[in-house]
Amino acid sequence: MTVVEKDSERPLTPEGRTEIREIAKSLKTVGLQTDRIYTSPLRRARETAEIAAKALNIRTLEEWDELKPDGSRAELYRKLARLEQNSRPILVGHEPYLTSMIGEIIGTTGAKIVLKKGGIGKVRITSFTPRVSGELRWLLTPKIITKMA
């Protein structure tokens with residue numbers, strides 16, 4: 001009898017681990033400025049965050065339930081609002097949660113944003129009140145990230 005793991009407990013594949021290591025190494029090479037990572041506690045996200053933290057020499061790694069696929073975006077925004085103004089955290093989460101969050105921040109709910117597995121986007125939040133708002137600075141696929149380095 002085969003035991004099927006819950007999706008939330010599925011680990012990264014060996015290929016996924018290798019890809020994340022290459023992406024993180026490329027981000028370090030191009031000088032990504034960050035000092036903290038907040039991750040969903042689901043296993044694949046946590047493993048992704050740990051690999052990135054190691055490659056980028058990031059000491060602050062925290063699990064935030066708000067980054068789960070069913071997490072509270074309102075509470076996520078409250079946590080982000082409490083960070084220092086010039087913070088540049090990396091958020092590690094899931095799809096379609098992250099792209100819908102980007103759409104909400106940039107003020108378009110019907111945005112056709114595609115964030116590939118291992119992709120990264122830079123969003124500048126300009127205000128949290130009366131509602132979160134900001135701008136999408138860039139969105140990169142894993143292939144582009146690794147070619148940049």
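Let me begin with the first helix pair in this predicted model, where helix α1, residues 14–29, and helix α2, residues 43–56, pack at an angle of about 35 degrees with their axes 9 Å apart. If you follow the one helix over the other, you will find that α1 passes α2 in a right-handed crossing. The residues that meet there are, on the α1 side, R17, I20, R21, A24, K25, L27 and K28, and, on the α2 side, E47, T48, I51, A52, A55 and L56. Sorted by class, that contact comprises seven nonpolar residues, one polar residue and five charged residues.

Staying with α2 for a moment, this helix also lies across the strands β1, β2 and β3, and its direction runs at about 175 degrees to that of β1.

That brings me to the sheet itself. In what order do the strands of the open sheet stand? There are three of them, arranged as β2-β1-β3, and the pairing is parallel. The edge strands are therefore β2 and β3, the latter spanning 90–92, since each of these pairs on one side only. On average, and with direction ignored, neighbouring strands of this sheet are turned by 20 degrees against each other.

Looking now at β1, residues 36–39, we see R36 and Y38 pointing one way while I37 and T39 point the other way, and all of these residues are buried. As a general matter, side chains in a regular strand alternate between the two faces of the sheet. Between β1 and β2, the latter being residues 60–63, there are four bridges, and the two strands run parallel. To place individual residues along that pairing, Y38 stands opposite E62 in β2, and the bridge partner of T39 in the same strand, β2, is E63.

Finally, I would like to turn to the second helix pair. Helix α3, residues 73–81, and helix α4, residues 97–106, pack at an angle of about 65 degrees, with their axes 12 Å apart. Angles of 65 to 115 degrees count as roughly perpendicular, and α3 and α4 are therefore described as roughly perpendicular to each other. Here, too, the crossing is specified, with α3 passing α4 in a right-handed manner. Which residues of α3 meet α4? They are R73, L76 and Y77, and they meet Y97, S100, M101, E104 and I105 in α4. By class, this contact of α3 with α4 holds five nonpolar residues, one polar residue and two charged residues.

How values were computed:
Residues are numbered from 1 along each chain as its sequence is written. This is a predicted model: local features need pLDDT of at least 70, side-chain atom pairs count only at pLDDT 80 or more; totals for chains, interfaces and linings use all residues. Side-chain values use heavy atoms; hydrogens and water are left out. Axes are lines fitted to C-alpha atoms, for helices over the stretch in contact, and angles run from 0 to 180 degrees between N-to-C directions. A crossing is left-handed if the near helix is turned anticlockwise from the far one by less than a right angle, and right-handed if clockwise. Contact means heavy atoms within 4.5 Å. Ala, Val, Leu, Ile, Met, Phe, Trp, Tyr, Cys and Pro count as nonpolar, Asp, Glu, Lys and Arg as charged, and the others, Gly among them, as polar. Angles under 35 degrees count as roughly parallel, over 145 as roughly antiparallel, 65 to 115 as roughly perpendicular and the rest as oblique. Buried means under 20% relative accessible area, exposed over 50%, partly exposed in between (1.4 Å probe, protein chains only).
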